[in-house]
Amino acid sequence: VKTVMFAFLFLYKSAFDTQVSSLSAKKSHTLSSGELPNPGDCWRNRMWEVNANSTGKRMFRLYLAEAGWTAEGRVVGVTQPRRVAAVSVAGRVADERGAVLGHEVGYCIRFDDCTDPQATRIKVKQYVVILGKFLTDGMLVREMMADPLLTRYRSFCFIYSVLMLDEAHERTLYTDIAIGLLKKVHFFFHLQFMFFVSLILDSKEAWRSSADCGFSHLGCREQCKRNDLPFFDLTNVSSVFSLCSPVPDYIKSTVETAMKIHQMENDGDILAFLTGQEEVETVVSMLIEQARALSRAGMKKHLRVLPMYAGLPSPDQMKVFERVSRSVRKVIVATNVAETSITIHGIAFVIDCGFVKLRAYNPKTAIECLVVVPVSKASANQRAGRAGRNRSGKCYRLYTEEDFEKLPKSTVPEMQRSNLAPVILQLKALGIDNVLRFPFLSPPPAQSMVQALELLYALGGLDMHCRLTEPLGMRIAEFPLNPMFAKMLLESGNFGCSQEILTIAAMMQIQNIFLIPPNQKYQAARQHRKFAVEEGDHLTMLNVYEAFVKHSKSSQWCQEHFLNYKGLVRASVVREQLKKLLVRFKVPKKSSEGDPDPVLRCIVSGFFANAAKFHSTGAYRTIRDDHELHIHPTSVLYAEKPPRWVVYNEVIQTAKYYMRDVTAIESAWLLELAPHFYQQGTHLSLKAKKAKVDDH
């Protein structure tokens, strides 16, 4: 079969090489503001540079369809770094096209595929126009696991389709992986048209790396200036204001600045940037209280305060795009998800707190946590650019001009500050055995690679030769989850609790199941205690979901118990999708019938690497690295007697290192279920062994 396949590929390339050789083509071409690439131009290594702002990039996709790039079964694929961007951009293009979202135009994000595969296949067979598919970078990488050469976007008969990587300057984990994988696709099919889209990317290495593999670069301001190319900057940020002296509390200053703008400035919505969900919800509550006070004082113009963060349910995220009457001013309080990719109409004022929360992985301690750090200059400028997308605007920075000059030029790529276990697993599943020679745009630290390989080996995903195991390793890679969750799900049949583990895994993907209104904290805490159990957070989430199903998934019941109804509905959808994977892998459908031990043991089988022991100092310490941790205040175990041994899902760093989603376990389970990872011994002997390894 391989021989026939390679023979077919050779003949396919040879036929078009003959066609290409008869054409005299330039190596590159710059599109003017009104020019479109011609689908008939099948010239080798044709490079296109489109110089436009965000709005122009989005309309460019629609222009591709009008120019014939989606005719006769061809597809335009567009990636976005975040799910909210993929959904919003797909919706806008569908509106411009006059199409129903999910047919001609669709999107694909994790656990939500808004496309119609059957209709799409019929259209391909009948060569009906298919406009395009918007998906996240992570979903593109997952699609390449099933379709490594992306024949969906470049069929063997119709080669003039387009694949665009939007917002590449964000350098997310899967953006870098996708670019590296697409280099290999381009090696086999030089006629593939791919666009590398960014407005603020200013990295010579990234530019050279992408250009070498046939990518075209759209809209980099600095690159256009260096190459003396026209660039049409349609943003209208008329003023950027900085503070004369630093503020002690940027949360309070954000509220004060927003209220001053509301009282003193003309029409225009406000976008305020903060670091995380807790800060967003705090500021939203404070703004709502002050807005009510102004309304009682007789102010005619009202405020509509809306949150915006990654963990917010999609319907609530979409509210920020809704139009409001002239007597209402929107105030959108957001994390960095609103920094790029999405354009919210009507924003005239931006408030920048100057900080951002990033996920960082420390390979020395093997702990991945969320840390608050100052923004980069590129991010600060991108935030300022959110003001005045459709009109002149102003940006208020809650830091001094001197502090701005001290900021780093760009954010550290996610590839260099992440746990690489999911990356290595997916690269191995794609047939890339030598991951050290993979063309990373920014090579990750060697110690991070070693830690990831060690964890995957401990989970059983890799063998002693670092090859993907069959079938466990390949099955772990199939799950769109952290490898620890995937291992836990696949082992659930052996422990006789697959039904409970399915629910726990689905609930762990949803943030903020428990709602705590500011004026009803006591009532909410009393209702939430009804679901709490001494074993910890995982079984508490299991109780919440089972009670939700028992009460017919009632929104009224959720409201009475201060639970996130939309989040629970979302968990139900995620659970069904994970259930299909377990059925596909023939994992037995079993229930523990209320016995918690099999469920807890199954959790340990996946999360044994995240184990900690209570120390005499009153804190927890990781078993292998002796790192100090604390239980997060939102955990049901926070106010209880500390269990001696626990496992956790993740660590968040604020003033301390806090464990989230914590469950009490027995120490014997670690030795029983992970003898290759832990061994019996004293604390001092293990510490001495570690010191000896570090010396070498």
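This is a short chat about one strand and the cysteines of a predicted model.

Me: Before we start, what kind of model is this?
Reply: A predicted one: local features need pLDDT of at least 70 and side-chain atom pairs count only at pLDDT 80 or more, while totals for chains, interfaces and linings use all residues. Residues are numbered from 1 along each chain as its sequence is written, and side-chain values use heavy atoms, with hydrogens and water left out.

Me: OK, strand β11, is it mostly covered or exposed?
Reply: Mostly covered: five of the five residues in β11 (269-273) are buried. Buried means under 20% relative accessible area, exposed over 50%, and partly exposed in between (1.4 Å probe, protein chains only). Strands are DSSP runs of E, at least two residues, numbered from the N terminus.

Me: Which way do the residues of β11 point?
Reply: Asp269, Leu271 and Phe273 go one way, Ile270 and Ala272 the other, and all are buried.

Me: And which strand does β11 pair with over five bridges?
Reply: β14 (residues 347-352), in the parallel sense. Pairing needs at least two DSSP bridges between the strands. Phe273 has Asp352 of β14 as its bridge partner.

Me: What about β13?
Reply: β13 (residues 328-334) is also parallel to β11, over four bridges, and Ile270 is partnered there with Val331.

Me: Switching topic, how many disulfides are there?
Reply: Zero. The cut-off is a pair of cysteine sulfur atoms within 2.5 Å.

Me: Why is Cys497 not bonded to Cys602?
Reply: Because their sulfurs are 4.3 Å apart, too far for a bond, even though Cys602 holds the closest cysteine sulfur to that of Cys497.

Me: Is Cys497 buried or exposed?
Reply: Buried, at 0% relative accessibility. Cys466 counts as partly exposed, at 30%.
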